[in-house]
Structure formats: structure tokens, C-alpha cells
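Work through the exercises below with the sequence and the model at hand. Each task is followed by a solution in steps.

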Amino acid sequence: TLFRSENMDTTANSTHQKTTIIVNHSLQITSYNSCAHISCAQHLRFDGSLSKKCKMHIRISGIIFINTSVVFIDSSASFVNCTFAQSISPIKMKFISRQNSALLVEGSLFSRNVGCIRLDVSRSIMQLSTNLNDVRFQENIPFSELEGSGVSIYSTAVKNCRSILNSTFRNAVFRNNTGPLISNNVCFSESNEYYENVKFSNNRLSVGKKATLGKSLYFSRVRHAVVVFNKLTSVENVNIRCIKLISSNAVQLKVLNSRISSHNVSADQSGAGILVVAGNSVNLEIEESSFRRNAARGSGGVVSIQTSNSLTKVRVSVFRSNFTNNSAQDGGAFFSNRSQGVVAVHVENATFQSCRSRKTGGSIALFSSKEIHFAARHTTWKSCYAEEGSSVYVSNLSASHNDGRQSNTTVSIMNCKFIKNKAGYDGDFSLLSAAGSIDVFKTEWSECAQGFVIFMECACNVNFTDVNVTECKG
């Protein structure tokens with residue numbers, strides 16, 4: 001089926017009843033020469049065939065939708081060069097019996113809508129692919145407090161919905177919207193997400209409502225998450241976190257070539273830039289990225305990792321990145337909470353400047369009662385502040401574990417610089433541990449208010465080689 005428009009508006013109106021089109025295989029709606037307009041007072045609905053063998057796909061291009069909700073039941077859909085304005089749920093898809101579906105939106109604009117793209121994954125064991133290329137979202141608001149204003153994937157199924165969610169966003173701009181912007185809220189699903197050259201700017205949290213999805217621009221609550229942000233820019237957003245990930249199993253998160261600035265969360269909220277809550281394991285990698293002026297009233301001005309399982313393994317790797325003027329109560333830039341799991345942090349070619357906390361770890365605060373492994377290479381801490389550990393605070397104190405082993409900590413610092421950092425007490429690098437080893441090689445402390453402070457409950461191995469301390473006050 002083909003709709004052709006030449007310098008005229010094509011309008012479908014349904015005032016008293018919904019408009020429903022039943023499609024057995026595929027439908028194409030295309031506007032030629034000039035943009036066609038479609039407006040339905042309620043919604044335009046496409047129902048797929050009852051036969052599971054028939055796969056419906058709707059292709060729509062060059063159409064302007066105003067005050068219209070386009071609803072798809074068990075269908076795949078493509079939108080190219082379309083505009084959606086002043087509508088409630090302009091794109092809504094629900095999956096009941098179909099096992100595989102896809103949504104493509106390309107070269108399109110969403111403006112002043114309520115809940116732009118809403119995907120209801122009600123079928124268990126299905127796979128959904130969502131692809132957005134060159135799409136702009138402006139001045140949109142969420143359909144509900146549990147959804148995102150831009151893209152929302154959720155489930156209304158009563159039973160646990162074990163689905164696979166694949167999402168790829170490229171060149172997407174979210175500006176002047178009410179957050180959250182993107183949400184994946186299908187608790188028992190697995191998600192594989194890739195975001196490239198995505199920009200969040202001048203977005204805000206809804207005023208006068210309850211906290212929406214943890215006050216985050218991006219929110220995901222799934223069983224297992226693999227998420228990559230490459231070239232993410234998030235700036236000038238108001239009173240809202242950038243990224244929040246909750247997983248009952250594992251989280252793998254990469255933030256590459258990105259810039260996250262001026263995020264803040266109030267009350268006891270943690271992780272103004274990134275908050276990760278996981279039950280089994282966390283693997284976070286940050287590379288070639290910049291974080292400035294992020295602030296949390298709780299822990300982790302930039303990153304807060306919180307574990308819900310005593311055996312959770314946390315691994316953080318930071319390469320060639322800068323952290324400037326971030327703050328929190330504990331861990332001005334990084335925080336990992338008190339757990340019985342293994343915490344491993346590797347920092348290389350990074351700079352922490354003017355980061356501060358009101359309690360522990362001006363830039364980094366790590367807690368565990370089992371194992372902590374901290375390594376830093378070619379990294380600089382400058383003008384950081386905390387009551388304890390103006391640059392780094394590591395705490396690993398506990399009695400013996402059930403297997404007879406004691407808590408263990410390893411610290412390795414090579415070719416690093418600590419400059420003009422100030423601690424209320426307990427030093428620039430504070431370490432509390434029951435046992436472990438410390439190796440410091442070719443590292444400088446200069447004009448720090450406190451030096452390197454080590455506190456251990458029992459014997460440990462300490463090795464300082466080519467360490468230079470100048471103008472520090474003990």
C-alpha cells in the first residue's frame with residue numbers, strides 16, 4: 001500500500017473510534033515531494049496476523065504525525081525522516097505472540113510529546129532490537145514516573161519476562177526534555193546496548209513529582225546488562241544523575257571518549273555521574289573521558305558502585321581520563337561500598353584535580369571486608385581534600401572469613417604524583433587493612449598537608465623505592 005502526497009496534506013481523522021488496520025505481511029506508507037500530515041484524535045493501530053508464521057513489518061517515511069499515537073501489535077516497524085509532535089505515545093509497540101521484532105527510527109524528530117517511544121515486552125523469551133540513527137528529542141515528558149520521555153522499554157506481563165533487548169543509538173540528541181530520557185525496565189531480561197555520539201543537554205527532573213526512576217537521564221533495571229557509551233556528552237542538565245544501572249546478576253559498562261559534567265543528586269543519593277547496583281559482578285571501564293563538577297550528597301561524586309550480594313566482584317579500570325572538581329560525602333570521584341566481595345581498581349594515566357569529600361577519599365574511597373587490590377600508574381592527584389585520605393582511602397578490616405582466610409589488601413603505586421592535597425587527619429593516602437602488601441615506586445609527594453599514612457592490624461610487606469617527599473606537613 002502506497003500513500004502519495006504532492007503539495008497537499010493527507011489527513012486521517014478518527015474522533016469517536018480508534019482506527020485499526022489489519023496487516024498480514026507488510027505495509028509501506030511513503031510521502032513524495034512534500035511531507036504528508038497524519039492526525040488521529042485517538043490512535044492509529046496496526047494489528048498483525050494471528051498466524052505466527054506471518055511476520056508483519058510496517059515502513060513509514062516522510063510523514064508528519066500530529067496528535068497521533070501509532071500502535072503496533074506483534075509487528076516490526078521502520079520510521080525514516082518522520083516528525084512526531086504534540087502526541088501521547090506517538091510510537092507504541094506491544095509484543096504478545098511474536099518472538100522477534102525490531103524498531104528502526106532514522107532521521108526523525110520528536111517534539112513536545114508525552115512518552116515518545118514506548119515498547120511493551122509482554123512476551124517471555126523474545127528478542128527485541130531497537131535502532132535509532134540521527135534522531136532528535138526536544139521538550140518531551142515521560143508518560144509515567146516509571147518510564148523515559150524519549151525511549152521506554154517495559155513489561156506489563158504478570159509473569160517474569162525473560163527477554164533479550166538489543167539497542168543501538170547513534171547520533172541521538174536529547175535537549176530540553178524531562179528525565180528520565182531512556183529507560184529499560186524489564187527486570188528479568190538481558191540487555192546489550194551501544195550508544196555512540198549521543199548528547200544529553202539542558203534536560204531536567206520533573207518538578208513536584210516523586211523521584212522518577214532514581215533521578216537519572218538513563219536508567220536500566222535488567223537481569224544482565226552489557227552497555228557501552230562511546231562519545232557520550234552530558235552537560236548542563238539540572239538536578240539529575242546521568243546513568244543508573246541495576247542488575248540482579250552482572251553489569252558490564254564501558255564509558256569511552258565521553259564528557260559528563262555538572263550532574264548532581266541531593267539528599268542521600270549517590271553517584272551523580274554513574275550509579276551501578278549489582279548482585280553478582282561489576283566490570284566498569286572508563287577510557288579517554290572527562291568528568292567535571294559532578295556532586296553527590298551521598299557517596300561517589302562521579303561513580304558509586306553498590307553491591308547487593310556479599311560475594312559480588314567489582315572491577316574498575318580507568319585509562320587516560322580526567323576528574324576535576326567532583327565532590328561527595330565519601331569518594332569525591334569514586335566509591336565502592338562495604339561488601340564481602342573482591343574489589344579491584346586499576347588507574348593509569350589519569351588526573352584527579354580539586355576532588356573532595358566531606359569524610360573519606362577526596363578522589364577514591366574503597367571498602368571491602370575480603371579483598372581490595374588497588375593499582376595506580378602515571379597518575380596525578382592535585383589539590384584534593386578529605387577528612388581521611390585526601391587522595392585515596394582504602395578500608396579492609398574484618399575478622400577471619402568462614403574459609404579461614406583473613407582480609408587481604410594489595411596496593412601498587414608507580415610513577416605517580418601527589419601535589420598540594422590536604423587531609424583533616426590520617427593522610428593523603430590512607431590505608432586500613434588486616435593484612436596485605438604495599439609497593440610504591442618512583443612516586444612524589446609535594447606540599448601535602450599529610451603524608452602517606454598506613455595502618456594495619458597485622459604484619460604486612462612494605463616496599464618504598466625512589467620515593468620523594470618534599471614540603472609535606474605531618
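Helices (H or I, at least four residues) and strands (E, at least two) are DSSP runs, numbered from the N terminus. The model is predicted, so local features need pLDDT of at least 70 and side-chain atom pairs count only at pLDDT 80 or more, while totals for chains, interfaces and linings use all residues. Residues are numbered from 1 along each chain as its sequence is written, and side-chain values use heavy atoms, with hydrogens and water left out.

**Exercise 1. Describe the lining of the largest cavity.**

Step 1. A cavity is a set of points, on a 1 Å grid over the protein atoms alone, where a 1.4 Å probe fits but cannot get out; lining residues have an atom within 4 Å of a point.

Step 2. The lining consists of Val303, Ile305, Val316, Phe334, Phe335, Ser336, Val345 and Leu366. Two or more of these residues come from each of β31 (303-307) and β35 (334-336).

Step 3. Strand β35 gives the largest share, three residues.

**Exercise 2. Find which parts of the chain the salt bridge between Glu147 and Arg118 ties together.**

Step 1. A salt bridge is a side-chain nitrogen of Lys or Arg within 4 Å of a carboxyl oxygen of Asp or Glu. The whole structure has five of them.

Step 2. Between Glu147 and Arg118 the N to O distance is 2.7 Å.

Step 3. Because Glu147 is in the loop between β14 and β15 and Arg118 is in strand β13, the pair ties together parts 29 residues apart in sequence.

Step 4. Both Glu147 and Arg118 are buried (buried means under 20% relative accessible area, exposed over 50%, partly exposed in between, with a 1.4 Å probe and protein chains only).

**Exercise 3. Place the salt bridge of Arg320 and Glu287 in its surroundings.**

Step 1. The closest N and O atoms of Arg320 and Glu287 are 2.5 Å apart.

Step 2. Arg320 belongs to the loop between β32 (313-319) and β33 (322-324), and Glu287 to strand β28 (residues 281-287), so the contact joins parts 33 residues apart in sequence.

Step 3. Arg320 is partly exposed at 37% relative accessibility, and Glu287 is partly exposed at 23%. Through shared partners, salt bridges join Glu287, Glu288 and Arg320 into one network.

**Exercise 4. How many disulfides does a search of the whole structure find?**

Step 1. The criterion is a pair of cysteine sulfur atoms within 2.5 Å.

Step 2. The search finds zero disulfides.

Step 3. As for individual cysteines, Cys187 is partly exposed at 37% relative accessibility, whereas Cys416 is buried at 1%.

Key:
On a 1 Å grid over the protein atoms alone, a cavity is a set of points where a 1.4 Å probe fits but cannot get out, and a pocket is an open set with protein on both sides within 12 Å along at least five of seven lines; lining residues have an atom within 4 Å of a point.
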